[in-house]
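Reader: I'd like a close look at one part of this protein, the place where two helices pack against each other. Could you walk me through it and then show me what surrounds it?

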Amino acid sequence: MIKKYTCQNGARIVLENIPSVRSVAIGIWIKTGSRNENEQNNGISHFLEHMFFKGTTNRSAKEIAESFDSIGGQVNAFTSKEYTCYYAKVLDEHATYALDILSDMFFNSVFDEEELQKEKNVVLEEIKMYEDTPDDIVHDLLSKATFGQHSLGYPILGTEETLETFTGEALRDYMKNTYTPENVVISVAGNINESFIKDVEQQFGSYESEVSVDELTTPSFHTDKLVRKKETEQAHLCMGFNGLPVGHKDIYSLIVLNNILGGSMSSRLFQEVREKRGLAYSIFSYHSSYQDNGMVTIYGGTGKHQLETLFETVQETLLDLKNDGISTKELKNNKEQMKGNLTLSLESTNSRMSRNGKNELLLKRHRSLDEVLLDIDSVSEESVNRLARELFTEQFSTALISPDGILPVGK
């Protein structure tokens with residue numbers, strides 16, 4: 001049973017008691033990410049996430065790390081395009097201690113100048129590592145091809161140029177504008193009783209912000225083709241198609257469609273591209289949902305001499321899917337796979353905490369596992385086939401990283 005509570009300042013708390021476990025996961029979710037940035041401060045959400053671990057008025061960076069190590073706990077954070085999360089997983093007896101440290105990081109980080117410079121170098125190395133992984137950066141290139149100059153097309157890590165401009169004052173100003181109470185959800189899941197809500201409220205329920213939250217601007221879907229020439233062993237190809245926003249009524253039909261297309265080893269792309277033709281080791285598709293739009297991405301990596309064949313094979317697979325539709329067997333198998341994956345994924349306190357945090361942050365509603373399973377069961381062949389025809393049109397974006405930087409002829 002999920003308990004919801006809204007503090008006087010607007011911060012929200014969601015708690016799910018799971019008495020059958022001995023752990024507790026606590027996540028602080030903030031509704032801000034690279035989408036909330038501009039060209040000048042791109043990457044600041046991610047850099048701020050790093051700096052939260054670099055010392056507070058009460059603890060040094062080493063003491064923060066030792067605090068969790070000493071109780072056998074885990075602490076980490078991540079930044080996405082639309083939200084940031086700081087989280088910890090500990091034994092149930094250490095839940096209050098973990099909450100104290102997370103709130104100390106949230107409210108009392110000092111952004112020391114020496115630590116700032118060191119962490120800039122760390123993030124710069126992270127950017128370089130990313131640049132050395134073409135099968136990763138091609139997805140950022142696709143975002144740029146799809147969303148153009150809109151902030152959804154920005155890289156989450158930022159750039160070397162923007163990174164250099166970040167100061168302690170810039171971080172504090174960004175927090176003041178985005179880490180507002182109404183943008184914050186504290187999600188707790190595990191062997192913890194409802195009284196813990198009061199502990200969370202004591203930490204997060206009274207801070208205030210005078211800044212109003214900016215309204216998001218919805219990007220238009222571009223069909224640009226972006227190519228980067230890079231000394232790689234493979235050509236890395238991404239294609240982007242219009243998708244659906246978070247909470248859309250057809251979202252489960254799209255999840256089924258994506259799974260059938262390229263979400264598993266039995267998917268059409270995997271079977272056609274890898275198993276039948278041996279064109280690629282890595283071939284898959286996935287769907288990204290944002291607050292007001294979404295994108296279906298297809299990725300494949302192959303030798304440059306096979307790039308045109310790969311591209312044509314993907315196109316043929318999409319055409320078959322649109323013209324002939326899915327089979328009853330595909331629908332049944334993929335529904336069962338989805339239900340199994342969802343049910344098994346929710347057996348950890350971390351995944352429960354994440355699910356509840358994201359649902360509250362983006363949808364402000366929670367549905368039971370049984371309700372979601374019913375929604376998956378209600379997906380029909382007709383709804384999946386309709387989406388395939390609507391989404392997989394000639395209007396798609398393309399990104400390519402390859403040794404010669406040449407897209408397939410005429411494509």
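Author: Quick bit of vocabulary before we start: two residues are in contact when they have heavy atoms within 4.5 Å. Keep in mind, too, that this is a predicted model.

With that cut-off, here's the spot you asked about. On one side, helix α12 brings Lys-335, Met-338, Lys-339, Leu-342 and Thr-343, and these meet Leu-369, Val-372, Leu-373, Ile-376 and Asp-377 of α14. Sort the residues of this contact by type and you get 6 nonpolar, 1 polar and 3 charged.

Now for the geometry. Two packed helices are described by the angle between their axes and the distance between the axes. Here α12 covers residues 328-345 and α14 covers residues 369-377; the angle is about 165 degrees, and the axes are 10 Å apart. Angles over 145 degrees count as roughly antiparallel, so α12 is roughly antiparallel to α14. As for handedness, α12 passes α14 in a right-handed crossing.

Next, the nonpolar cores. The largest one has 49 residues, and those with the most contacts inside it are Ile-26, Leu-48, Phe-52, Phe-106, Val-188 and Phe-196. Helix α3 (residues 95-108) gives this core its largest share, 7 residues. Apart from that core lies another, of 42 residues, and this is where a residue from our helix pair turns up: Leu-373 is among its members, along with Ile-260, Leu-321 and Ile-326. In general, nonpolar side chains in soluble globular proteins tend to be buried together.

Back in the largest core, take Val-188. Setting aside neighbours within four places in sequence, Val-188 has contacts that include Val-14, Leu-15, Ile-26, Phe-196, Val-200 and Met-353. Leu-48, another of the well-connected residues in that core, is one of the buried residues of helix α1. Helix α1 (residues 44-51) is mostly covered, with 8 of its 8 residues buried. The cover over those buried residues includes strands β4 and β5 and helices α4, α6 and α7.

One last stop: Pro-408, in the segment after β11. Pro-408 counts as buried because its relative accessibility is 6%, and the cut-off for buried is under 20%. Beyond its neighbours within four places in sequence, Pro-408 is in contact with Leu-307, Glu-308 and Phe-311. Ser-351 is 57 residues from Pro-408 in sequence, and their C-alpha atoms are 41 Å apart in space.

Conventions. Residues numbered from 1 in each chain as written. Predicted model: local features only at pLDDT ≥ 70, side-chain atom pairs only at ≥ 80, totals over all residues. Heavy atoms only, no water. Helix = DSSP H or I, 4+ residues; strand = E, 2+ residues; numbered from the N terminus. Buried < 20%, exposed > 50% of the residue type's maximum accessible area, 1.4 Å probe, protein only. Core = buried A, V, L, I, M, F, W, Y, C linked by side-chain atoms within 4.5 Å. Axes fitted to C-alpha atoms, helices over the stretch in contact; angles between N-to-C directions. Parallel < 35°, antiparallel > 145°, perpendicular 65-115°, else oblique. Left-handed = near helix turned anticlockwise from the far one by under 90°. Nonpolar A, V, L, I, M, F, W, Y, C, P; charged D, E, K, R; others polar.
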